[in-house]
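The following exercises concern charged pairs and strand pairing. Please consult the sequence and the structure while working through each solution.

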Protein chains: 4
Amino acid sequence: MIVVMKPGAPQAQLDQVIDHIEQLGLRSHVIVGTEITVVAALGEKRDGAKQALETLDGVDKVVPILAPYKMASTEVKKEPTCVEVLGLKVGAGHLGIIAGPCSVESREQILEIAHLVKGAGAAGLRGGAFKPRTSPYSFQGMKEKGLELLADARHATGLAIVTEVMAKEQVELVANYADVLQVGARNMQNYPLLEAVGESSLPVLLKRGPSATMDEFLLAAEYILKTGNTRVMLCERGIRTFEDHTRFTLALASVPYLHQKTHLPVVVDPSHGTGKANLVVPMARAAVAAGADGLIVEMHPNPDKALSDGFQALTPAAFRQMMSECRRIAAAVGLEI
Amino acid sequence: MIVVMKPGAPQAQLDQVIDHIEQLGLRSHVIVGTEITVVAALGEKRDGAKQALETLDGVDKVVPILAPYKMASTEVKKEPTCVEVLGLKVGAGHLGIIAGPCSVESREQILEIAHLVKGAGAAGLRGGAFKPRTSPYSFQGMKEKGLELLADARHATGLAIVTEVMAKEQVELVANYADVLQVGARNMQNYPLLEAVGESSLPVLLKRGPSATMDEFLLAAEYILKTGNTRVMLCERGIRTFEDHTRFTLALASVPYLHQKTHLPVVVDPSHGTGKANLVVPMARAAVAAGADGLIVEMHPNPDKALSDGFQALTPAAFRQMMSECRRIAAAVGLEI
Amino acid sequence: MIVVMKPGAPQAQLDQVIDHIEQLGLRSHVIVGTEITVVAALGEKRDGAKQALETLDGVDKVVPILAPYKMASTEVKKEPTCVEVLGLKVGAGHLGIIAGPCSVESREQILEIAHLVKGAGAAGLRGGAFKPRTSPYSFQGMKEKGLELLADARHATGLAIVTEVMAKEQVELVANYADVLQVGARNMQNYPLLEAVGESSLPVLLKRGPSATMDEFLLAAEYILKTGNTRVMLCERGIRTFEDHTRFTLALASVPYLHQKTHLPVVVDPSHGTGKANLVVPMARAAVAAGADGLIVEMHPNPDKALSDGFQALTPAAFRQMMSECRRIAAAVGLEI
Amino acid sequence: MIVVMKPGAPQAQLDQVIDHIEQLGLRSHVIVGTEITVVAALGEKRDGAKQALETLDGVDKVVPILAPYKMASTEVKKEPTCVEVLGLKVGAGHLGIIAGPCSVESREQILEIAHLVKGAGAAGLRGGAFKPRTSPYSFQGMKEKGLELLADARHATGLAIVTEVMAKEQVELVANYADVLQVGARNMQNYPLLEAVGESSLPVLLKRGPSATMDEFLLAAEYILKTGNTRVMLCERGIRTFEDHTRFTLALASVPYLHQKTHLPVVVDPSHGTGKANLVVPMARAAVAAGADGLIVEMHPNPDKALSDGFQALTPAAFRQMMSECRRIAAAVGLEI
């Protein structure tokens, strides 16, 4: 890292910085500029503890040089990772499509949707059994009963089941039924949960927190990777900004950026990313054009009767239109659905 | 709630909206304006499920009228709540000061700090034993050993212990040692955790998530209140914005706003809220002037040797200065430390 | 608009609200709900003055119902507007591509680039002669000499010239040379400038301010439209958020959103929208897939020698790749370049 | 500045970076770390042009070291600047209070308010004659007639007149009547305007743009200072964030931050900063406690009849309360009103 001294910092303060760097087991290297002196600290580790240097007298700022994550990085693994489970392939040239309702509501509902999803050519079925809801007064999901219905839907269609796990103590139960464990945006930095899903044998879909930077997102993935579970899919689902015409701002530049920094595949969720059904199809197309490795979208045969988030669910007809348009875009950019 | 129709929406669409409202068990009331027709739905509950109305043809938008929280609201309890534990009083005219290190690091460290905190006139001791850290490579806290040391510090000084609990399964353990359970900003919407701290008998300090709106913050409190635990302190600790000269943007207008909407006391954390030791004292003063019911600040005898977040910790001298200045401000606004 | 009363507001306060509404020349309509009373004010105009209702005792909030803009709205003109100048067509199924350097630097530079732009199949040439720069110490453009060189480039290639005008008093001069007047993001709410470009006879490319909402953006367009100039192109160029891996966050959902609300065409600027050359091509593809009516990108034969913003300029090879990929995407979504 | 190479960048790329640095007239200094090599470029100027280095092959990022502004900096002038005009003193221990209506509406209105402002002990009178309004359909101010009324109010009370100038071509006219030229938030980066107010002989109140960083804010001030006009007051008036319970987020940590970086005084505008009359007084107190050098607030004898922004105007009684509370806070922090 680089320690930037304040203009006119006396030699004694510089010496203290050098001492401190060496106490951290690093080598120091002083560079005297025309207006300002900086000290490079060589041998930097990735533990963040050295920000203590910022508290020393005479220090203006400390600039880290290394990316803080390692196992997620393309520095460690250059070739892109493909996560594959049942017929769902995500990454390394494969575009995986996951669709389904916000919440599992009944056997009829989930089976009807599963057949629609399968029929349109997608390979993954989403559906919440444990639902994190902003209000304690909202529908919280069917819990284990919902998981059973999802497993029935897999049995009927062969679709891979993607469903959320909200807490460490639910991991074992959910892993009994699901094919992919989803960590929701609210839990992106729930570290006990990240470690627990890491220790399961299932692939993980990790959603970006609505105020997470790319470094924070990749460090959350690093918590999972560090346990030995390498099948992690990142999911961009929109960030919180001042915009009020959409539920979140779907920041698609994260797709090509992540492709430069990490080998992990990147899935996009245009349903939460916009919060409006009539914006989902164009943003799904845009995500594919930006190079996304997968899409996860909400679809419901009767959006106005959905128990949660119906306002952002596609109708079956709109979903089929999305599939058809995304296929054309995928062909144009050389991806395979 | 108010359903706003699109200009020129035909009668059939209006009828469908009215039907839908009545199926929800509400009464409808149509108002025909010069350019636009709106339908008021009377008898609204607070469960959010009716956003499904937004998906109906011809509907432009749906405007909720009721605040989504109830037990946290001044509509339910007008007089301000004072949370009191040992000598720490927060709310209803009492300004409670909580200080201490980011992490408990050793017996010597925590006892030295506890005596400094007590000596300067504060009533609560903060210190992390379980530390949520952005990077898996950073120091994660002393865990149960840290809790034991905090309990020793209480024994030595009488200070109330405020410490973070990161997961449902830790609540019982942490509650054995702590006086106040802190829910961190990353966990503001960790609902299993909120319910678990609600079920403990201890007061809770709930930190605002860095991208949480006021409604989301109060709904998180509502999760705790709904379990029957009414001793909840809200903590403003800064939001994530485009500003890059501070770690977060400390949004102090939330203090008077929350005082209008809720009876719960509001604590401010200027350490995380700025992330720079040299901004903490002026922002502590500003928080008190804005009417805060408490402060929680990081203090360390040797910030440059702290194992975490030293860059934002006050020295003991700066902490004493803060106490003295905040006392004067508190007197000016009629609060009692 | 809808006036929401506070719970328990007494009749006298309600009466005062009704009086006030009628003084504004509106009709009032009271709706008594189970918990709350609201008053609809019928006959609302779009002048914003009635927010004064929010200051009355007993009023909780006031909810506007009408969109605040009119001439930009699809309510007024349903069919999409195509702006056409020389060979450049933007909107109504035509995808117009505008490319060129950040700044005009010399005759050789601008002619070389113009031929590259033309050769790759684009129809507009961008290039700054008057440059708004964050720092007073940065290169401020070649001014009138730059305009002359742009006109020479038009003469040599037939490309339409798109260049920025920074102040009302420059409009006449710039209009002597340019084909499209660009209003930069920093000037989106420079109302004297908006009125001045409106009064010129040229089409206008209006860039979104980095913190502008959609309503503010469309109201800025309304300032121009109100003068009688209907050839306005909106340009999404990224918003300011907490993201630090890109210069701005390119919020592409504004493209389909604007297509629902306005007849004006929407151009996307992926160069400023990302600030990194290696993200421009994927985001250009994404913009076209989202339905953009045009692209404006920075290109330079030697980005590392550019006098401004070289870090976000495409090389000629990357620009040709972008054109080829965008052509395939455009074909997939039924647009014509 | 520091050029950070990508891991494994070959020697040829490093050589190209060194060449490029030397072509810029700087000295280069290579530092080989364990994982990464960096190159320090010594002799950096402040012109921003060198970001071109980021476009070179093998370069990961470029980190500037110098602050980009100079004349605004405490490096150039350590002692705080006090701007004084008539009885208004702002900075260097003096707390200047400026109050008045959003818009000048009539002779009676502005004289009544001026006497109220004077009577409560403030020294500056604000009031808009030229009003930038988001909507072209809103009241745009009384223009020159409004300026004449402001001058009459100065004559009657001796208050210093603070009023906005929206465009370069208005500067001369406004300067004939005003004592302080206000540059509004929408115009913070209107460079022709900044230069024009710089060339007048009057002090300038420069408002922070709602998405401006501190560096951008200080560079805008630098545009004025560079013309030779050193009487610049900075004004924090809130930033645009995701928060929706206030009009803007009043980011008070900018006050102590700016005091460290610049000698210019910092005024706070809690009226625009919150947009709600009932939050203005607590935030005015907080601003003074944070060390603000001045306040500018909106006050109106009949907020519900104001032609603009009545919802954020204090009543005369609330204004007097604010003055009395701020006097106590000012005394507590050692400032003089």
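**Exercise 1.** Determine which residues are linked with A:Arg208 in a network of salt bridges.

*Solution.* In this predicted model, the network consists of A:Arg208, A:Glu236 and C:Glu243. A search of the whole structure finds 52 salt bridges over all chains.

**Exercise 2.** Establish which parts of chain C are tied together by the pair C:Glu236 and C:Arg208.

*Solution.* Step 1: the two side chains meet in a salt bridge, at 2.7 Å from N to O. Step 2: C:Glu236 belongs to strand β12 (residues 232–236) of chain C, whereas C:Arg208 lies in the loop between β11 (204–207) and α6 (214–225), so the pair ties together parts that are 28 residues apart in sequence. Step 3: buried means under 20% relative accessible area. C:Glu236, at 0%, is therefore buried, and C:Arg208, with a value of 0%, is buried as well.

**Exercise 3.** Identify the helices that hold D:Glu325 and D:Arg285.

*Solution.* Step 1: these residues form a salt bridge whose closest N and O atoms are 2.7 Å apart. Step 2: D:Glu325 lies in helix α10 (residues 316–333) of chain D and D:Arg285 in helix α9 (residues 277–290) of chain D, so parts 40 residues apart in sequence are tied together. Step 3: D:Glu325 is buried, at 13% relative accessible area, and D:Arg285 counts as buried at 12%.

**Exercise 4.** Describe the faces and the partners of strand β1 (residues 2–5) of chain D.

*Solution.* Step 1: in a regular strand, side chains alternate between the two faces of the sheet. Step 2: D:Ile2 and D:Val4 are buried on one side, and D:Val3 and D:Met5 on the other. Step 3: three bridges join β1(D) to the antiparallel strand β3 (residues 37–42) of chain D, where D:Val3 stands opposite D:Val39. Step 4: four bridges join β1(D) to strand β4 (residues 59–63) of chain D, also antiparallel, with D:Met5 opposite D:Val59.

Note on methods
Residues are numbered from 1 along each chain as its sequence is written. Chains are lettered from A and ligands numbered from 1 in the order in which they are written. This is a predicted model: local features need pLDDT of at least 70, side-chain atom pairs count only at pLDDT 80 or more; totals for chains, interfaces and linings use all residues. Side-chain values use heavy atoms; hydrogens and water are left out. Buried means under 20% relative accessible area, exposed over 50%, partly exposed in between (1.4 Å probe, protein chains only). Helices (H or I, at least four residues) and strands (E, at least two) are DSSP runs, numbered from the N terminus. Two strands pair if DSSP finds at least two bridges between them. A salt bridge is a side-chain nitrogen of Lys or Arg within 4 Å of a carboxyl oxygen of Asp or Glu.
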